[in-house]
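Colleague: I'm new to this one, so please walk me through it.

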Amino acid sequence: MSQSKTAGPVPEDKTAEEEQPRSPREIRLVMVGLVVTMLLAMLDNLIVGTAMPTIVHDLGGAEHLSWVVTAYTLATAASTPIWGKLGDMYGRKGTFLTSIVIFLVGSALSGLSQTMNELIGFRAVQGLGAGGLMVGVMSIMGALVPPRDRGKYQGMFAAVMALATIGGPLAGGFITDHLSWHWTFYINLPLGVIALAVVVVTLKLPKVRSNAKIDYLGAILLTTGITSLVLITTWGGQQYAWGSKEILGLAALAAASLIGFCYVERRAQEPMLPLGLFQNLNFTLVSIIGFIVGFVMFGSTVFLPLYQQTVQGASATNSGLLLMPMMFGMLIISLVVGQAVTKTGKYRIFPIIGTLVMTGGLILLSTMGTETSRFTSACWMVVLGAGMGFLMQITMLVAQNSVELKDMGVASSTATLFRTIGGSFGVALFGALFNNRVTDTMKERLGEQAVAGGGAQDPSQMSMDDLRKLPEAVQDAYHHAVSNGMHTVFLWGAGVAVIAIAAAVFLREVPLRGTGKDEKQAEASLEAAAV
């Protein structure tokens, strides 16, 4: 596999710990800390989102509300590739522990905030640490467990994702109602301390040192590019029109930064993101698939509850439970696929099946209308979840198997980043398509005058109580508008998912690294997998 020439990180005690297989007991102990950390990373936004109305009422500054989420998202996305590279250069354990500490400091300060500006600033600190949580979990997992054996533990991560999606809003509502919004941040502290203690005591990795200088210019350019992209997807069609000078300016800045980043990386001694990784066909293809999985997953989780609440009359109180069918499908399939990969060592068929099932689920969801029952929509959600279950862990597995151990952090952070950016674009594009279709439907059903009179408010901005107070004709128009919006969103999503099918078809069956003959065969295949 083509790699840039670097001084590189040098393990000081390589043979003693890196080559000796870990015992199942040792791995299970470390997994406790990794699972708790992953839960921290996934729960935060879900819990905080539920408490936001109370926070705004207490601190004021409603005009800055969006920045509470945006500051966290920006810091997380921008720092993700940097954490991955620092782990490769200076050791995964140290950088992982540092990211947990920064996240906990940001959580404590956020809970102590007295103004909205303070909260925004401390959320940025929290997001900076969060960028290293998921990357640390995945890269440490990649270093401890050979890809061939990783399916044994894959179900734990799928279960954490399901638990966070369902339990986050429930926990946020309970904490806000019975304690105070401050505890939506303080709850991270005991969990974080547990994760820190377990990782410090149980995780043993070889010490790593690097003689290379940090690629500061590459880091700055990559951070600028990622920040610009996230702001485009956050502001576009919401705070600013897509054709506004602000959005166009950000697009130009993103393009210039990323082009400059590619130029710098080709000449850096220790590049922040070695472009040679993308010469590996499998790595490039799973990055594309990961982007589309994020695109579909985040877009779906935003708009499915809206349809269920607005059209099907589901309660918004337990909104996390509305996604349970999709999470159930994802969890079950992820468990089955993980065991199958461990048993057979084969994985290529699963991304192909997963992308086909995911596309089918999106097409089925696009057929939902005002008369669709909850049972029917739940069945279609199970299909979509099953498709993503085939893909969620496999994309990370193939990405890590496509690189050498020294680039495990970069591979993990790149896979995470592509999924995150895909999610941002999914929410933005789905939102634009949905809003346009809702507006057009309202005009068709109520006429221009009714729309001008306020009948075409965005349903996502209305409470169910307010919606029920509207005239029956307006409510009926809303229901059809939201149904038509969902049809457009999921039909476009299916079109995008076809790209993932094409990418999956071209994946190569490179043997998964394991022990003994498997390890030698996989290492020998890395060159063959490079373009």
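**A tour by questions**

Modeller: Let's start with a salt bridge: Glu444 pairs with Arg437, and their closest N and O atoms are 4.0 Å apart. Keep in mind that this is a predicted model.

Colleague: Thanks. Is Glu444 buried or exposed?

Modeller: Glu444 counts as exposed, at 59% relative accessibility. Its partner Arg437 is partly exposed, at 26%.

Colleague: And how many salt bridges does the structure hold?

Modeller: There are two. The other joins the side chains of Arg92 and Asp88, with 2.5 Å from N to O.

Colleague: Are Arg92 and Asp88 buried or exposed?

Modeller: Arg92 is buried, since its relative accessible area is 12% and buried means under 20%. Asp88 is buried too, at 3%.

Colleague: Let me step back to the overall picture. How many helices and strands does the chain have?

Modeller: The chain has 18 helices and two strands. Of its 531 residues, 54% are buried.

Colleague: What about contacts between residues at least 6 apart in sequence?

Modeller: Among those, 83% join residues at least 24 apart.

Colleague: OK, the nonpolar core next. Which residues of the largest one touch the most other members?

Modeller: Those are Leu304, Met358, Met388 and Met486, in a core of 121 residues. Helix 17, which runs over residues 472–505, gives the most to this core, with 14 residues.

Colleague: What does Met358 touch, leaving out residues up to four places away in sequence?

Modeller: Met358 touches Ile292, Val296, Leu384, Gly387, Met388, Leu391, Ala497 and Ala500. Apart from this core lies another one, of 13 residues, including Ala51, Val68, Met116 and Leu119.

Colleague: I was also looking at Thr359. Where is it?

Modeller: Thr359 sits in helix 13, residues 349–365, and it is buried, with a relative accessible area of 7%.

Colleague: Which residues is Thr359 in contact with, leaving aside neighbours within four places in sequence?

Modeller: Ala494, Ala497, Val498 and Ile501. Within helix 13, a polar atom of the Thr359 side chain lies 2.7 Å from the backbone oxygen of Thr355.

Colleague: New topic: how many aromatic pairs does the structure hold?

Modeller: It holds seven. One of them is Trp183 with Tyr186: the ring centres are 5.4 Å apart and the planes are at 85°, so this pair is edge-to-face.

Colleague: Where do Trp183 and Tyr186 lie?

Modeller: Both are in helix 7, residues 183–186, three residues apart, so about one helical turn separates them. Trp183 is partly exposed at 42% relative accessibility, whereas Tyr186 is buried at 18%.

Colleague: And how are the rings of Phe291 and Phe425 arranged?

Modeller: Their centres are 6.1 Å apart and their planes are at 45°, so the pair is tilted. Phe291 belongs to helix 11 (residues 281–310) and Phe425 to helix 15 (residues 408–455), so this pair ties together parts that are 134 residues apart in sequence.

Colleague: How accessible are Phe291 and Phe425?

Modeller: Phe291 is partly exposed at 25% relative accessibility, and Phe425 is partly exposed at 30%.

Colleague: Which residues form an aromatic cluster?

Modeller: Phe278, Phe283 and Phe418 form one.

Colleague: Back to helices for a moment. What span should helix 12 have, at 1.5 Å a residue?

Modeller: Helix 12 covers residues 324–344, so its 21 residues should span 30 Å, and its end C-alpha atoms are indeed 30 Å apart. Just after helix 12 comes Gly345, with a positive phi of about 75°.

Colleague: Which residues of helix 12 are buried?

Modeller: Among them are Pro325, Met326, Met330, Ile333, Val337, Val341 and Thr342.

Colleague: Last one: how far does helix 8 reach from its first C-alpha to its last?

Modeller: Helix 8 has 15 residues, 188–202, and reaches 21 Å, close to the 21 Å expected at 1.5 Å a residue. Its buried residues are Asn188, Gly192, Ala195, Leu196, Val198, Val199 and Thr202.

Colleague: Great, thanks for the tour!

Notes
Residues numbered from 1 in each chain as written. Predicted model: local features only at pLDDT ≥ 70, side-chain atom pairs only at ≥ 80, totals over all residues. Heavy atoms only, no water. Buried < 20%, exposed > 50% of the residue type's maximum accessible area, 1.4 Å probe, protein only. Core = buried A, V, L, I, M, F, W, Y, C linked by side-chain atoms within 4.5 Å. Helix = DSSP H or I, 4+ residues; strand = E, 2+ residues; numbered from the N terminus. Contact = heavy atoms within 4.5 Å. Expected span 1.5 Å × (residues − 1). Polar contact = N/O pair within 3.5 Å; in protein donor to acceptor, adjacent residues only side chain to side chain. Phe/Tyr/Trp six-rings, centres within 6.5 Å; stacked < 30°, edge-to-face > 60°.
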